[in-house]
Amino acid sequence: KRRCSRDLAQMVAIACLCAEHTVLGSLHHEVGDPNQDCTLAYTKPYQYTVLGVFDGHGPAGQLAAELAKTTALSALTEETIEMAEAPEEALRQIFEMIAAAADEATWSQQ
């Protein structure tokens with residue numbers, strides 16, 4: 001059973017990674033605005049999978065969503081957090097890292 005769960009999680013992660021930006025349920029394409037959503041799929045084999053959707057809004061929404069995605073991915077790949085041992089605390093730390101990065105960012109309207 002555990003193997004099936006891991007395989008399913010990896011397939012979902014791959015599907016999310018390939019999607020990159022969501023489209024379903026969005027009217028952005030009808031009015032000519034860019035879709036400001038970003039997705040994240042990260043798997044540490046045989047340990048855990050993290051899937052994320054970062055929903056940008058406003059003039060700098062796409063930049064904010066991309067900042068959240070890259071900050072989270074950096075925390076996961078650099079192993080600065082203990083996701084396998086304490087997932088709730090690790091996600092809390094990632095959220096705090098994203099908030100700090102957003103506070104430091106200079107947002108420009110495009």
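The exercises below work through a predicted model, one part of the fold at a time.

Residues are numbered from 1 along each chain as its sequence is written. Local features need pLDDT of at least 70, side-chain atom pairs count only at pLDDT 80 or more, and totals for chains, interfaces and linings use all residues, while side-chain values use heavy atoms, with hydrogens and water left out.

**Exercise 1. Fold and confidence**

Task: State the order of helices and strands, then find where confidence is lowest and highest in the protein.

Solution.
- Step 1. The secondary structure comes to 4 helices and 2 strands. Helices (H or I, at least four residues) and strands (E, at least two) are DSSP runs, numbered from the N terminus.
- Step 2. Along the sequence the pattern reads α-α-β-β-α-α.
- Step 3. Mean pLDDT (the predictor's confidence in each residue, from 0 to 100) is 75 for the protein, and 69% of its residues reach 70 or more.
- Step 4. Confidence is lowest in helix 1 (residues 2–19), with a mean of 46, and highest in helix 3, at 91.
- Step 5. Over residues 1–21 pLDDT stays under 50, and the model has 22 contacts for them beyond four places in sequence. Contact means heavy atoms within 4.5 Å.
- Step 6. Where pLDDT is low, the predicted coordinates should not be read in detail.

**Exercise 2. Helix 3**

Task: Check the length of helix 3 against its residue count, then locate its buried residues.

Solution.
- Step 1. Helix 3 covers residues 61–77, which is 17 residues. The expected span is 1.5 Å times one less than the number of residues.
- Step 2. That gives 24 Å for helix 3, and its end C-alpha atoms are 24 Å apart, so the two agree.
- Step 3. Buried means under 20% relative accessible area, exposed over 50%, and partly exposed in between (1.4 Å probe, protein chains only). In helix 3 the buried residues are G61, A65, A68, K69, T71, A72, A75 and L76.
- Step 4. Seen down the axis, these buried residues fall within an arc of 165 degrees, so they line one face of helix 3. The arc is that of the directions from the helix axis to the C-beta atoms.
- Step 5. Their cover includes strand 1 (37–44), strand 2 (48–55) and helix 4 (87–104).
- Step 6. After helix 3 comes E79, with a positive phi near 55 degrees.

**Exercise 3. K69 and L67**

Task: Compare the accessibility of K69 with that of L67, and place each relative to I98.

Solution.
- Step 1. K69 is found in helix 3. At 14% relative accessibility, K69 counts as buried.
- Step 2. The K69 side chain reaches the backbone oxygen of T39 at 3.4 Å.
- Step 3. L67 is also found in helix 3. Its relative accessible area is 21%, so L67 is partly exposed.
- Step 4. K69 and I98 are 29 residues apart in sequence and 8.5 Å apart in space, C-alpha to C-alpha.
- Step 5. L67 and I98 are 31 residues apart along the chain, and their C-alpha atoms are separated by 7.5 Å.

**Exercise 4. Helix 4**

Task: Test the span of helix 4, then assign its buried side and the face turned away from that side.

Solution.
- Step 1. The 18 residues of helix 4 should span 26 Å at 1.5 Å a residue, and the end C-alpha atoms, 26 Å apart, agree.
- Step 2. A90, I94, I98 and A101 are the buried residues of helix 4.
- Step 3. They cover an arc of only 80 degrees around the axis, which puts them on the same side of helix 4.
- Step 4. The face turned away from the buried side carries the exposed residues E88, F95 and D103.
- Step 5. What covers the buried residues of helix 4 includes strand 2 and helix 3.

**Exercise 5. The core**

Task: Name the residues with the most contacts inside the largest nonpolar core, and trace which elements supply it.

Solution.
- Step 1. A nonpolar core is a set of buried Ala, Val, Leu, Ile, Met, Phe, Trp, Tyr and Cys residues joined through side-chain atoms within 4.5 Å.
- Step 2. The largest has 16 residues, and F54, L76, M83 and I94 have the most contacts inside it.
- Step 3. Strand 1, strand 2, helix 3 and helix 4 each supply at least two residues of this core. Helix 3 gives the largest share, 5 residues.
- Step 4. Not counting residues up to four places away in sequence, M83 touches Y48, V50, L76, A90, L91 and I94.

Technical notes: Polar contact = N/O pair within 3.5 Å; in protein donor to acceptor, adjacent residues only side chain to side chain.
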